[in-house]
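Reader: I should like to learn how burial and contacts are read from a model. May we work through a case together?

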Amino acid sequence: NRMEKSYFGTDGIRGRVGEHPITAEFVLKLGWAVGRVLQTKGFNKVVVGKDTRISGYMFESALEAGLSAAGVNIALLGPMPTPGIAYLTRTLHACAGIVVSASHNPYYDNGIKFFSRDGQKLPDVVEERIEELLAQPLETVEPDTLGKAERIVDAAGRYIEFCKSTVPTYTSLAGIKLVVDCAHGATYHIAPSVFEEMGATVIPLGIAPDGLNINLDCGSTKPAALCATVKEQSADLGIAFDGDGDRVIMVDHRGEVLDGDELLFIIARDRLRIGARFNAVVGTLMTNLGLEVALRALGLELRRARVGDRYVMECLLAENLILGGESSGHIICLDRTTTGDGIISALQVLSAMLRSGKSLHDLKAGMSKCPQTLINVSVAGRVDLQRTSIQEAVQVVERQLGDNGRVLLRASGTEPMVRVMVEGMDAGTVERHARELAGVVRDALSV
């Protein structure tokens, strides 16, 4: 029976700045609690990095004070992509890494997430122990055992070298023109250098963070400007990251967006061609049916985890697999690094392009996305999707779609809604079925 956690969600702690728990006071206490819990293992250094939002200054120094009070030394990385912080946690032999970021959210949100010393998310038992300590008074260690802080001045350079090491040494991007959108976020001083050092001509966007413009009409969630720039500049392709650099989407020379499902397909097919041994790829309940069909043609299965990169990772580790990801562009290449990494995922796609001699547009042709209709139905009270009327309606649709379609009903975790999703080969049929099912759900649950 797991303790119900008060603060930790699937991806650390996140919320609006200035509202509990995203306050300087709470984060100070959190730093102390984390220091107390992690230090017992004989390791005594925690690395702290952040994205570019203005509140990062406040939370970085609050964490520093709390960790010091617990007697833990601190290595400050400054603005760094989340996966870069995971990497430096490993190579600096720290007992943990702390990321101050709210990923793809607007600037007025922030969050704190953690990596264990192997560059993975913290286990539940550790998060529970931290929450227990948050309820206790903060006790400062003896003055001669307080933690010290140092700035790691070459953090960016170390991570740039690591990114480049995930593709063969002779990989050259010479003659390739890239538009790279850094979302005014944590990749702004890193991503352009990685691609330039490998020989590409880079047209950078979103590299002037002012603390308030992170993810604003740019980045992986808003690719319109990237698509336009790729076409205007006659670039070969475009790459967009989110604010903390763990997600990537790409754009071909025609300005057409490739989402995480399509990128995952390209990487998986390339891995098979170079002889990697694996029999399945991990997606989520929302992964497009088109990916499942395309993988099947390659002799690979699609394993579906719950929505959230944490669950994709759990499935990868449990089944000893190497590739997984979400449609949002969160792609995990466990044969190259320990966590979802936008820059490294983009490099794997570029590497596949070079090996195949094809454009990004031609590479994605091996997979066609299936029409998908998603309808949100507002419901009152408790959501019981097992009701006979609902289950019967689902079975009717599933029989009609056969192997060429999919139905998913999912209660939202955050609002009183049921998400009704239908996928298939024909857009009209898919939409009709989705409307029918949404009607049945509405009738059954809006009482």
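Author: The discussion below takes up one residue and then one helix. This is a predicted model, in which local features need pLDDT of at least 70, side-chain atom pairs count only at pLDDT 80 or more, and totals for chains, interfaces and linings use all residues. Residues are numbered from 1 along each chain as its sequence is written, and side-chain values use heavy atoms, with hydrogens and water left out.

Reader: Is Thr 82 buried or exposed?

Author: Buried means under 20% relative accessible area, exposed over 50%, and partly exposed in between (1.4 Å probe, protein chains only). Thr 82 has a relative accessible area of 3%, so this residue is buried. Thr 82 belongs to helix 3 (residues 82-91); helices (H or I, at least four residues) and strands (E, at least two) are DSSP runs, numbered from the N terminus.

Reader: Which residues is Thr 82 in contact with, leaving aside its neighbours within four places in sequence?

Author: Contact means heavy atoms within 4.5 Å. With those neighbours set aside, Thr 82 touches Val 99, Lys 113, Phe 115 and Asp 244 by this criterion.

Reader: Which residues of helix 7 are buried?

Author: In helix 7 (residues 224-232), Leu 226, Cys 227, Thr 229 and Val 230 are buried. Viewed down the helix axis, the buried residues fall within an arc of 165 degrees, so they line one face of helix 7; the arc is that of the directions from the helix axis to the C-beta atoms. On the other side, Ala 224, Lys 231 and Glu 232 are exposed.

Reader: What covers the buried residues of helix 7?

Author: The cover includes strand 7 (177-181), strand 8 (201-205) and strand 9 (237-241), among others.
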